[in-house]
Amino acid sequence: RALDYLLTRKEVDPAHIGITGNSGGGTMTTWLCGVDQRYTMAAPSCFVTSFRRNLENELPADTEQCPPRAIALGLDHEDFLAALAPKPVIILAKERDYFDIRGSEAAHARLVRLYRLLGAEENIAFFAGPTGHGFSQENREAMYQWFNRATGFSREKDEPAITLEKDETLYCAPNGQVAELQSKPIFQFTAETAAKLKDQRQPPSGHPLATTIGKVLPLNLPETVPDFRILRPRRSRQYPAPQATTYAVETEPGIHTLVTLLGDERHHARPLRGKKRALLYVSHLSSDAELRDDPLPAALLQEEPQSAFYACDVRGCGESQPDTCGPDSFFQPYGSDYFYAIHALMLDDPYPAQRVRDLLRVIQWLTSHGHEQIHLVAQGRGTVHGAIAALLSNQVVEVTLKNALPSFQEIAESKTYDWPLSSFIPNVLQHFDLPDIHRELEKNKSFKLL
């Protein structure tokens, strides 16, 4: 829209429209090259590398730097720049940037091959300044030189002495704040879109709801029973039962969900047999901590002595909580939980889908050991994947959810919230919401919301 406006100005020549920016501006430069052919030259700075390097280097990039499904579609940074070929593009990098310069060089090399095939190899270039992240003078001068070359207007290479304007001189709004002009903030657009979807949505139920969930979340499961490891016992954990045995259930190749059996005896060889009914407790953050400190597991053990009691940590929480991106970063805005959630979206395999698969595989595993009826109990964050797995499993006959997220609608209509990206399902409000799942559970199973 800004470009639409610029092109209405008489002093703007549509034959010479350059775009540049640094960091987040380099991000927008890159994406805009991919979606608008009106730009005639580009110079993204301090962004272009590769998704792989960002992942390997444990770099949690901004949300807008991680396009949904991009990796699943085989895209990388240079593919967006390639959409502008054979127009002049220079990649500006830094030797000491946290955006890995090896990825920048690889992106440039791929684009060189493309531009060569198009007979325009002179229109792709690379420059790396010697310092850290920022649109420093050497990178700016490389940009000036590139744009001057592309337009033919000037041969100047050096930046003249600059006098910085006062902030007030540069204000676009009277006091510098666009919000004072009644501009809509992002969350308001989100809330309005969610409200429209609610009006349009026909709440599915029964088999159509299960089918819809299967379309929204990739849930293909093998029919084979999961393999498992038996972990060595540790000293007393102050659990509400004398003994505990922990199993690492392989829900996918290389992915283990940790399941702890509580009881009067340890079961080193395999899980408890002889009880038709099992209680599967799905943790909020850590079954180990919640078994020790939360009153709910202890109460459940007393209420259901006839059931085998298992506590479960799905991937990315509890004993498998990652420490990627820095020590104790799990709850930080750019911490490990965000890091894996955002990459899951780029891989088109949302974290909730992965965790639902974990639970469905654990239920398969429990069933293979003779537990034909399961009471699934989930707390907090565990209630999202817990409720969906309970709905999809015929073995789950009873469901208890404590401190559950009431709806995704409430998140979408709120200005602030505390639920993490790892709990969210892409485009979910186009299809269903959590109350639809809760209603279906109430209709077909014994169901409690605490």
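This is a short tour of pockets, a buried serine, a helix and some aromatic pairs, with a suggestion of what to select at each stop. Keep in mind throughout that the model is predicted.

**Stop 1: the largest pocket**

Start by selecting T63, L345, Y417, L421 and F424. Of the 47 residues lining the largest pocket, these are the closest to its centre. The space here comes to about 1,700 Å³.

Now colour helix 8 (186-200), helix 9 (206-216), helix 12 (336-346) and helix 15 (408-412); each of them supplies at least two residues of the lining. Which element gives the largest share of this lining? Helix 8 does, with six residues.

If you colour the lining by residue class, you will find 29 nonpolar residues, together with nine polar and nine charged ones.

**Stop 2: the second largest pocket**

Next, move to the second largest pocket, which holds about 400 Å³ of space. Select R234, R237, Y239, A244 and T246, the closest to its centre among the 24 residues that line this pocket.

Strand 6 (243-252), strand 7 (255-263), helix 10 (287-293) and strand 9 (308-313) are the elements that give two or more residues to the lining. Strand 6 has the largest share here, four residues. Colour this lining by class as well: eight residues are nonpolar, eight are polar and eight are charged.

**Stop 3: S307**

Stay with strand 9 for a moment and select S307, which sits in the loop between helix 11 (295-303) and that strand. Is S307 buried or exposed? S307 counts as buried, because its relative accessibility is 6%, below the 20% cut-off.

Show side chains and you can pick out a polar contact of 3.0 Å between S307 and E304. Then add K275, R277, A278 and L279 to the selection: S307 is in contact with these residues, leaving aside its neighbours within four places in sequence.

**Stop 4: helix 16**

Now select residues 434-444, which make up helix 16, and highlight its buried residues: L434, D436, I437, H438, E440 and L441. As you look along the helix, remember that an α-helix has 3.6 residues a turn, so residues three or four places apart point the same way.

What covers the buried residues of helix 16? The cover includes helix 9 and helix 15, along with helix 14 (382-392), strand 11 (396-402) and strand 12 (446-449). Helix 9 and helix 15 may look familiar, as each also supplies at least two residues to the lining of the largest pocket.

**Stop 5: aromatic pairs**

The last stop is for the rings; there are 13 aromatic pairs in the whole structure. Select W31 and F80 to see a tilted pair, with 4.5 Å from centre to centre and 55° between the planes. W31 belongs to helix 2 (residues 24-35) and F80 to helix 4 (residues 77-82), so the pair ties together parts that are 49 residues apart in sequence. Both partners are buried: W31 has a relative accessible area of 12%, and F80 one of 16%.

For another geometry, select F228 and W365. Their ring centres are 5.4 Å apart and their planes lie at 70°, so this pair is edge-to-face. F228 is in strand 5 (residues 228-230) and W365 in helix 13 (residues 351-368), so parts 137 residues apart in sequence are tied together. F228 counts as partly exposed, at 22% relative accessibility, whereas W365, at 0%, counts as buried.

To finish, return to W31 and F80 and add F47, Y98 and F99: ring pairs link these residues into a cluster.

Methods:
Residues numbered from 1 in each chain as written. Predicted model: local features only at pLDDT ≥ 70, side-chain atom pairs only at ≥ 80, totals over all residues. Heavy atoms only, no water. 1 Å grid on protein atoms, 1.4 Å probe; cavity = no way out; pocket = protein on both sides within 12 Å on 5 of 7 lines; lining within 4 Å. Points joined across faces, edges and corners; volume = space filled by probe spheres on them. Nonpolar A, V, L, I, M, F, W, Y, C, P; charged D, E, K, R; others polar. Buried < 20%, exposed > 50% of the residue type's maximum accessible area, 1.4 Å probe, protein only. Polar contact = N/O pair within 3.5 Å; in protein donor to acceptor, adjacent residues only side chain to side chain. Contact = heavy atoms within 4.5 Å. Phe/Tyr/Trp six-rings, centres within 6.5 Å; stacked < 30°, edge-to-face > 60°.
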